[in-house]
Number of protein chains: 2
Amino acid sequence: MFNSVTIVGVGLISGSLSLALKEKGLVKNVIGVSRTEASIKKAKELGLIDESLPLAEAVRKSDLIYVAIPVDVTIPIMRQIMDLVQENQIVADAGSTKAALCDALADHPMRRRFVATHPMWGTEYSGPEAAVKGAFVGRSCVICEKEKSDKDALEKMENLYKCLGMHLVYMDAHNHDIHAAYVSHISHITSFALANTVLEKEKEEDAIFELAGGGFESTVRLAKSSPAMWGPIFMQNKENVLDVLNEHISQLRKFKSCLEKENYEYLQQLMENANKISRILK
Amino acid sequence: MFNSVTIVGVGLISGSLSLALKEKGLVKNVIGVSRTEASIKKAKELGLIDESLPLAEAVRKSDLIYVAIPVDVTIPIMRQIMDLVQENQIVADAGSTKAALCDALADHPMRRRFVATHPMWGTEYSGPEAAVKGAFVGRSCVICEKEKSDKDALEKMENLYKCLGMHLVYMDAHNHDIHAAYVSHISHITSFALANTVLEKEKEEDAIFELAGGGFESTVRLAKSSPAMWGPIFMQNKENVLDVLNEHISQLRKFKSCLEKENYEYLQQLMENANKISRILK
C-alpha cells in the first residue's frame, strides 16, 4: 500500500503502527525521524524502522508522513512538514488533542494533504521499547475535519486504520477535544492524583504497599504515563479538562458529604448511579 | 485438611475460596449458608457448595466457618456464630474492615477460636456467578490481632491462605483499616465518582462512549462494584476514608490550579512525582 512511510517520533504509537503496517504487509520501508539518537538506535534494533534520516530528506522520500510526538511540538514540526509536502503525499498525526493543530493548519495551502486522526489506543509506557504488536485492534480511531482532506488521502488513512482493526469515528476537532477530556484526559489526571495521594501517605508508613491489590493497580496504572506527553495535552485542552475536573471534584465531594453526614441512602444512590457505567464498558 | 467448611454468604470471595479449597483437595464438604435462595441454587449448580443448611446446623457440622458477607451484617452474624462455636472449631472472616469486628468480638469468651483475615483479592463483580478459579494467587492476605487467636487456629488459617498462593501480612486492626483506605477503598470511591462524572456528561452527548478506551476502562471498572458491599465498608471505615478522600481532593486541586494558572513547571513536577508509583506496582 505504501512504498515508504516516515514516522516522526519513534515511540509507543508510531512504533506500534510500524509493527502493524509491516505485519500486514502495508509498507515496504519505514523511515524514523527523531532528535534522540538513542531512540533511533533502539527503534532500529527492535525492527520498528529500516533507516533514519533528517526530517526534510525523510519527507521527500515518503508516501505517508505520520507524526506522533508530544502535542506541543507537533504544531511547529507539522508546519515544516506541510511546507515540504507534495501533491502525491499524505500527512497524518496521532495527537490526543485536535483543535489547536487543525486550527494551526487551517490556512495552509497543502491542508488537504493532511488527515487529522487520533487512534484511541495507548498504554502507560512510552519510547520505542513500549511499541507492541497487535496494538489498535478493536479500538476507535477518530478522524477530524474529514471534509478538509483530499478524498484519496482520507481514504488511504481510513483503509490503513481499518486494516489495523480499528473502528472509525468522525467528529469535528472541537467535539473531539471535549470527548477526549471525558474519556481519556480525566482518567490520567485522577490516576496521577491518586498516586500522589498514596505516595504522600507512604512517607509515614512503608508497609502500606504490601497490600496494594488489583483494584489499586487498575486505578493507578496510568500514573506511570509520560509527563512530557501528558503535560502538553492537558495544557492544550485546558478548558475542557478543567470542566471535567471541576465536575469530578464535585462528584467526589458528594461522597465526602455522604460520609460526613452518614447519609447512607444517598451514598447508595451515588454508587447505584455509577453502576450504570456497565452499559458503556462491556 | 478440613472435613467440612461452612461458607456464610455464597458470593465472589467465599465461592472462589471454595473452588480453590476443592481444587487443592483441602476440603471434603462445603456447606453454604445464605438468606437468598437463588444464590444457594446457583452456588450448587456451579459446584461452589455441596449442600446448604441453616446457620446453627451448618456451624455444628463444620471444622471451619468462613464468613464473607457485607461488613455491616458481619458483626451480628459473627456474634451468633461465636456463641455456637466449640473448642475444636475455627471461625474466620474475609471482611474489608477489621477494627469494628475485632472490637465487637474482643470480649467474647471464644475469641481465640476466631482468626481475623482479609485476603486482598476481589473483582468488580459479586454473587456466586462471580466466583472464579485461581483467585487469590500472588496477592497479600492480612491477618489481624494474631496474638488473640489460638495457635492451632491461626496456623490452620495461615496454611490455608499459603496453599492458595497468598503472601501473609500481619498488622493490628486499626492499621489495617488505615492502609485499606489508601490502597483499596479510595480506588473504589474515585472510580464511582469518575463514572458519575462521565455519566453526567452523557446526558448531553451519547457519542462520547464510542471513544472510551483502555485507560478509561481501567480507571472506571471498579465503578461496577456492588453498593451493598461497599456502602458498609465506607461507613465502617469512615474516618480513614475521609482522611484519604480529603487528601485526594487536595491533590486534584493542585492539578486544577496548575491548569488555571498555566503553571507548566509545577504540573510536570506533580506528574513526575506520580511516576514514582512504578516502584510499587511492578
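Which residue of chain A comes closest to the rotation axis? That's A:Thr219, whose C-alpha sits at 2.1 Å from the axis. Before going on, some ground rules: this is a predicted model, where local features need pLDDT of at least 70, side-chain atom pairs count only at pLDDT 80 or more, and totals for chains, interfaces and linings use all residues. Residues are numbered from 1 along each chain as its sequence is written, while chains are lettered from A and ligands numbered from 1 in the order in which they are written.

Back to that axis. Chain A lands on chain B after a rotation of 180 degrees with 0.0 Å of shift along the axis, at an RMSD of 0.0 Å (a least-squares fit on the C-alpha atoms of residues with pLDDT of at least 70 in both copies). That is the relation of a two-fold axis.

Now for where the chains meet. The contact takes 78 residues from chain A and 78 residues from chain B, with two residues counted as in contact if their C-beta atoms, placed from the backbone, lie within 7 Å. Of the interface residues of chain A, 100% are also interface residues in chain B, so the copies meet through the same surface. On the chain A side, the elements giving two or more residues are S7, H7 (173–202), H8 (214–220), H9 (227–236), H10 (238–260) and H11 (264–275); helices here are DSSP runs of H or I with at least four residues, strands are runs of E with at least two, and both are numbered from the N terminus. H7(A) gives the most, with 21 residues. By type, this side of chain A divides into 43 nonpolar, 21 polar and 14 charged residues (Ala, Val, Leu, Ile, Met, Phe, Trp, Tyr, Cys and Pro count as nonpolar, Asp, Glu, Lys and Arg as charged, and the others, Gly among them, as polar).

Let's zoom in on one helix pair across the interface. The axes of H11(A) and H9(B) come within 10 Å and cross at roughly 135 degrees. H11(A) contributes A:Tyr264, A:Leu267, A:Gln268, A:Met271, A:Glu272 and A:Asn275, and H9(B) brings B:Pro227, B:Trp230, B:Gly231, B:Phe234 and B:Met235. Those residues divide into seven nonpolar, three polar and one charged.

Finally, look inside chain A. Its domain assignment, automatic or from a database, gives domain 1 (2–172) and domain 2 (176–279). Their C-alpha centres lie 30 Å apart, and 14 residues of domain 1 are in contact with 15 residues of domain 2. On the domain 1 side, H4 (71–84), H5 (99–105) and S7 (140–144) each supply at least two residues.

Notes: Axes are lines fitted to C-alpha atoms, for helices over the stretch in contact, and angles run from 0 to 180 degrees between N-to-C directions.
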